[in-house]
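Trainee: Please take me through one part of this model closely, the strand pairing. Then go on to the pockets and the cysteines.

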Amino acid sequence: MTVTFAAAVLAAGGVFYGLVYLLGFQEIGNTRKLDAKTLFDLVKLSFGVVAGAGALVALVVAYRRQRVDEAGAHREATRLHTERFTQAVEQLGSNSPAVQLGGVHALAGLADDAPNQALRQTCIDVLCAYLQLPFTPDPGEDPAHQEAHHRYLASRKVRHTILRLIGDHYRRPQGTYGSWQGCDLDLTDVTVDGSMDFRGATFSSGTVSFAGARFSDGTVSFAGAQFSGAEVSFRDVTFSGSQVFFTGTRFTGRKVSFGDARFFGGTVSFAGTRFSGAEVSFRAARFSGSRVSFGSARFTDGQVSFRGVTFSGGSVDFGAVFSGNGVSFRGSTFLGGQVSFASATGPAPPGLLEAVGTASVTVALSSGWMPESE
């Protein structure tokens, strides 16, 4: 402020002298006399500059005061958020399922109201961490285990509520209130033993992990979901009893991995899925008991790898559209099950015909595809 005021005074003096010089009064004392009215006008103009500088100083002071007030408001909002967060976490750690459900909704609301992205991410991390906690499997409906069965059902209700809220928040357009798009989602090693609805969800940035997850029951839907910017991992996932749908899903950006995934049971559908820009890997996945469909899927761009995949059981339908060379079946092994490319269109993916040529089972190929002779 002192420097600004001194600069204003110097500027006023400079303006006054400059005006005098421009008006031809640089030799005032020797050649002519300065008119009193003109001199008065010049003085007023000079002090007007000083007044403007003062206004600038006032503006700077007001701006700094506003910044201080905003910082104070942010600290207060953070303090209130921390208090509410502590209460919500205590509820989530309660032994009462009803209190836990209250904590789940409180944390979701806190994530929506969080004053910054970091605090929002913390709320989401806590909800994900709850899903990752070990729990006692269902002992069944035997009357001798009725209490344990009821505890399992109550815990299951809490976990499924968290999954439902996550799906709801990732469906909301990015930038709108309550949208969690852009936040990391860590569901590593979770057990999904019931329905999970991620239809229409958008994963546009951040990291999303289902690595090591087990889909063992219910219906899981990623239908219409978009993986357009996030780095997504389904690595080492086990599909053993659920109906899992990726129908109409779009993989258009970053990396998506199904590496080492195990398809042991249930139904998994990639029907209508578009692989048009992402780097997607099914490397070393094992298809041994599920019904898997890639019907009407479109492989049009990007890199999709089935390298080292083992087909040993179940049924897999690749009735897809192959319109580029980005899909690879090099090193794949056909040991059993029913694998069909009969309704596929486009050129044969690299490595497929070589793998089929050494298969121990019959693989149905599209008309016009012939295994390469040695």
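Mentor: This is a predicted model. Start with β18, residues 286-287, and β22, residues 310-317. The two strands run parallel, joined by 2 bridges. One position to look at is R286, which stands opposite T310 in β22.

Stay on β22. Strand β19 covers residues 291-293 and also runs parallel to β22, with 3 bridges between them. Here R291 faces S315 of β22 as its opposite residue. So far, then, β22 has taken up 2 bridges from β18 and 3 from β19.

Next comes β25, residues 333-340. Strands β22 and β25 are parallel and share 6 bridges. Within this pair, S312 stands opposite G336 in β25. Put together, β22 pairs with β18, with β19 and with β25. In each case the strands run parallel. As background, strands of a sheet pair through backbone hydrogen bonds, in either a parallel or an antiparallel manner.

Now move to another group of strands. An open sheet of 6 strands is ordered β4-β8-β12-β16-β20-β23, and its pairing is parallel. At the edges stand β4 (202-203) and β23 (321-322). Each has a single partner strand, so one side of each lacks a neighbour in the sheet. Within the order, look at β12 (residues 250-251) and β16 (residues 274-275). They run parallel, with 2 bridges joining them. The bridge partner of R250 is R274 in β16.

Turn to the pockets. The largest has a volume of about 390 Å³. It is lined by 17 residues, and Q100, Y130, F135, R151 and S155 are the closest to its centre. Two helices, α4 (97-113) and α6 (146-171), each give at least two residues to this lining. The largest share comes from α6, with 6 residues. Sorted by class, the lining of the largest pocket holds 9 nonpolar, 6 polar and 2 charged residues.

The second largest pocket has a volume of about 150 Å³. Its lining has 14 residues. Nearest its centre lie Q303, V304, S305, R307 and G326. Strands β17 (279-281), β21 (303-305) and β24 (327-328) are the elements that give two or more residues to this lining. The class make-up of the second lining is 4 nonpolar, 6 polar and 4 charged residues. For the charged class, set the 4 residues here beside the 2 in the largest pocket. For the nonpolar class, set 4 here beside 9 there. The polar count is 6 in the second lining and 6 in the largest pocket.

Finish with the cysteines. A disulfide is a covalent bond between the sulfur atoms of two cysteines. The count in this model is 0 disulfides. For C123, the nearest cysteine sulfur is that of C183, 9.8 Å away, and C123 is in no disulfide. The cut-off for a disulfide is a pair of sulfur atoms within 2.5 Å, so a pair at 9.8 Å does not count. The view from C183 agrees: the sulfur of C123 is its nearest, at 9.8 Å, and C183 is in no disulfide either. Check exposure too. C123 is buried, at a relative accessible area of 0%. C183 is also buried, at 1%. The cut-off for buried is under 20%, so both values qualify.

Terms used. Residues are numbered from 1 along each chain as its sequence is written. This is a predicted model: local features need pLDDT of at least 70, side-chain atom pairs count only at pLDDT 80 or more; totals for chains, interfaces and linings use all residues. Side-chain values use heavy atoms; hydrogens and water are left out. Two strands pair if DSSP finds at least two bridges between them. Helices (H or I, at least four residues) and strands (E, at least two) are DSSP runs, numbered from the N terminus. On a 1 Å grid over the protein atoms alone, a cavity is a set of points where a 1.4 Å probe fits but cannot get out, and a pocket is an open set with protein on both sides within 12 Å along at least five of seven lines; lining residues have an atom within 4 Å of a point. Grid points are joined across faces, edges and corners, and a volume is the space filled by probe spheres set on the points. Ala, Val, Leu, Ile, Met, Phe, Trp, Tyr, Cys and Pro count as nonpolar, Asp, Glu, Lys and Arg as charged, and the others, Gly among them, as polar. Buried means under 20% relative accessible area, exposed over 50%, partly exposed in between (1.4 Å probe, protein chains only).
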